[in-house]
Amino acid sequence: LEFRRHCDAVFERSSQERATHEAALGQQHARAVALCELVEQVAHGADSATHARRLTELRDEFESLELPRSSARDVRRRFARAYEHGEDSLRRAREAVEGVRSALTAPIYFDYDSDAIGEAGRSALDQKLAILQANTGVRLRISGHADERGSDEYNLALGQRRAAAAKRYLTQRGIPEAQIEIISFGEERPAASGADESAYAQNRRDEFEITSGGDALRSPSGP
């Protein structure tokens, strides 16, 4: 009789433990489903470092869960699909930002001894204009450059006129003066070495540097 009582007690404890474990698994499953939903929400339009950190946090929590065998495969597949979608969204966003950065910092070029902005330069500045309008917190420094022909003083003045011409083009179209500063380096910082027209053409330029506000660039066509 005593042995029977002992067996019954062991069985009861085992049943209780099993029920407790199954309840815990149920809670884990419910949390896993909730994490899937959260990842799906974050993944939809993920485009920033904040989204990237949040995806990583959700992935780490999901991987720590113990899931019931009956549902583990389906839940893991759902989470994996959502997480992959989030990574794809972030990759596309990074590529878009780099495209915006590249357009904003692309140089423009000038004819010999001229500060007149040509057709190609105006097209490049129109792209920069749209980007600056969509990113009012960005500050830009335009540096004017010249080739080596002419005196140091003359080329410094020419570089200044070239930088001022680009700034004037942008500010006349609505960009605040305070958003853009200019400087001239004259012939001091050639982009190409050499004493031929190919090198000279690369050195007659304005360069554009983002000095602040470039960490979260937005495309003019969207968020």
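In the predicted model, helices α4 and α5 pack at an angle of about 55 degrees, and their axes lie 10 Å apart. The two helices are therefore oblique to one another, an angle of 65 to 115 degrees being required for a roughly perpendicular arrangement. Their crossing is right-handed. On the α4 side, the contact is formed by R122, L125, D126, L129 and L132, and α5 contributes A166, Y169 and L170.

Two of these contact residues also feature in the nonpolar interior: L125 and L170 have the most contacts inside the largest nonpolar core, which comprises 25 residues. Two or more residues of this core are supplied by each of α3, α4 (119–134), β2, α5 (152–171) and β4. When neighbours within four places in sequence are set aside, L125 is in contact with I108, I117, A166, Y169, L170 and F208. A further core of 16 residues lies apart from the largest one and includes C36, L58, L65 and L67. In soluble globular proteins, nonpolar side chains tend to be buried together.

The strands form an open, four-stranded sheet of mixed pairing, in the order β1-β4-β2-β3. Its edges are occupied by β1 (108–109) and β3 (180–186), each of which pairs on one side only. Strands β2 (residues 139–145) and β4 (residues 205–212) are joined by six bridges in the antiparallel sense, with R139 placed opposite S212 of β4. Helix α3 (residues 69–105) packs on the sheet and touches both β2 and β4. The direction of α3 makes about 130 degrees with that of β4.

How values were computed. Residues numbered from 1 in each chain as written. Predicted model: local features only at pLDDT ≥ 70, side-chain atom pairs only at ≥ 80, totals over all residues. Heavy atoms only, no water. Pairing = 2+ DSSP bridges. Contact = heavy atoms within 4.5 Å. Axes fitted to C-alpha atoms, helices over the stretch in contact; angles between N-to-C directions. Core = buried A, V, L, I, M, F, W, Y, C linked by side-chain atoms within 4.5 Å. Buried < 20%, exposed > 50% of the residue type's maximum accessible area, 1.4 Å probe, protein only. Parallel < 35°, antiparallel > 145°, perpendicular 65-115°, else oblique. Left-handed = near helix turned anticlockwise from the far one by under 90°.
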